Amino acid sequence: MAIRSWLISVLGALPETMTILRQSFCTNREIPHFFCDLTEVLKLTCSDKLINNIVVYTVAIILGVFPLTGILFSYSQIFSSILRISSDRGKYKAFSTCGSHLLVVTLFYGTGLSVYLSSIVTLPSRISVIASVMYTMVTPMLNPFIYSLRNRDIKVALLRVLSKMVPLRERVDARLS
């Protein structure tokens, strides 16, 4: 399974890499980004970007939109199954679990696809950086957080830490006034 995922990622990046190699770049330019993202590299080219944009859109649709469609279809099946649960508590528990996962999936695919599908429209670099941080750093960090909050011991420990922080904040505010 890991080899298959690696092979898909290599085959997905290969067309984009091959088309970017034929581009000519303006001299003395910096990428205003925290990593070398393809859309930011395309902004630095001085030659025609039509073929690159077609390749980027094609790869984004194949590797982004098609899996997202499958994920949304599976979630629609899950939601229809949840609606058939008779107890309200069971529905709430199932919806809260699926809701947090669906939020992470939406955040990941929404920001990732927005970066790659907006390559023709020149977004401000700050918006592009924020979206890139969301799909490269925030969503992978959310998964352990979501799974750990399902654990009752983690919830109790988090509440204990937060309750200790509130009196500390009140003491700091009292000293400052």
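Trainee: What percentage of the 177 residues in the protein chain is buried, and what makes a residue count as buried?

Mentor: Buried residues account for 24% of the 177. The label means under 20% relative accessible area, with exposed over 50% and partly exposed in between (1.4 Å probe, protein chains only). Bear in mind that this is a predicted model: local features need pLDDT of at least 70 and side-chain atom pairs count only at pLDDT 80 or more, while totals for chains, interfaces and linings use all residues. Residues are numbered from 1 along each chain as its sequence is written, and side-chain values use heavy atoms, with hydrogens and water left out.

Trainee: How many helices and strands does the protein chain have, and what makes a run count as either?

Mentor: Six helices and zero strands, running α-α-α-α-α-α from the N terminus. Both are DSSP runs numbered from the N terminus: H or I with at least four residues for a helix, E with at least two for a strand.

Trainee: Why is Val10 called partly exposed?

Mentor: Val10, in helix H1 (residues 2-21), has a relative accessible area of 32%, so it falls between the 20% and 50% cut-offs.

Trainee: What makes Trp6, Leu7, Val10, Leu11, Leu14, Met18 and Leu21 a nonpolar surface patch?

Mentor: Patch residues need over 30% relative accessible area and no salt bridge; like charges are joined within 9 Å, nonpolar side chains (Val, Leu, Ile, Met, Phe, Trp, Tyr) within 5 Å. A salt bridge would put a side-chain nitrogen of Lys or Arg within 4 Å of a carboxyl oxygen of Asp or Glu. Val10, at 32%, therefore clears the 30% bar. Together these seven names give a patch of about 730 Å², with areas from the Shrake-Rupley method using a 1.4 Å probe; for residues, only the protein chains shown count as cover.

Trainee: How do you know that H3 reaches close to its expected span?

Mentor: The expected span is 1.5 Å times one less than the number of residues. H3 has 34 residues and an expected 50 Å, and its first-to-last C-alpha distance is 47 Å. H5 (residues 125-148), with 24 residues, reaches 34 Å, close to the 34 Å expected.

Trainee: Where is the kink in H3 centred, and what is the angle taken between?

Mentor: It's centred on Ile61, at about 35°. The angle lies between axes fitted to the seven residues ending at a residue and the seven starting there. By that recipe, H5 bends by about 40° at Met134.

Trainee: Which helices do the buried residues of H3 pack against, and what makes a contact?

Mentor: They pack against H1, H2 and H4; contact means heavy atoms within 4.5 Å. Buried residues of H3 include Val55, Val59, Leu68 and Tyr75. In H5, Ser128, Tyr135 and Ile146 are among the buried ones, and the buried set there packs against H2 (38-43) and H4 (88-117).

Trainee: Why is Ile51 called partly exposed?

Mentor: Ile51 sits in H3 (residues 50-83), and its 43% is over 20% but under 50%, so partly exposed it is. Leaving out residues up to four places away in sequence, Ile51 touches Thr19 and Arg22. The C-alpha atoms of Ile51 and Thr19 are 7.4 Å apart, with their positions 32 residues apart along the chain.

Trainee: Why is Thr136 in that class?

Mentor: Thr136, in H5, has 31% relative accessibility, so it also lands between the cut-offs.
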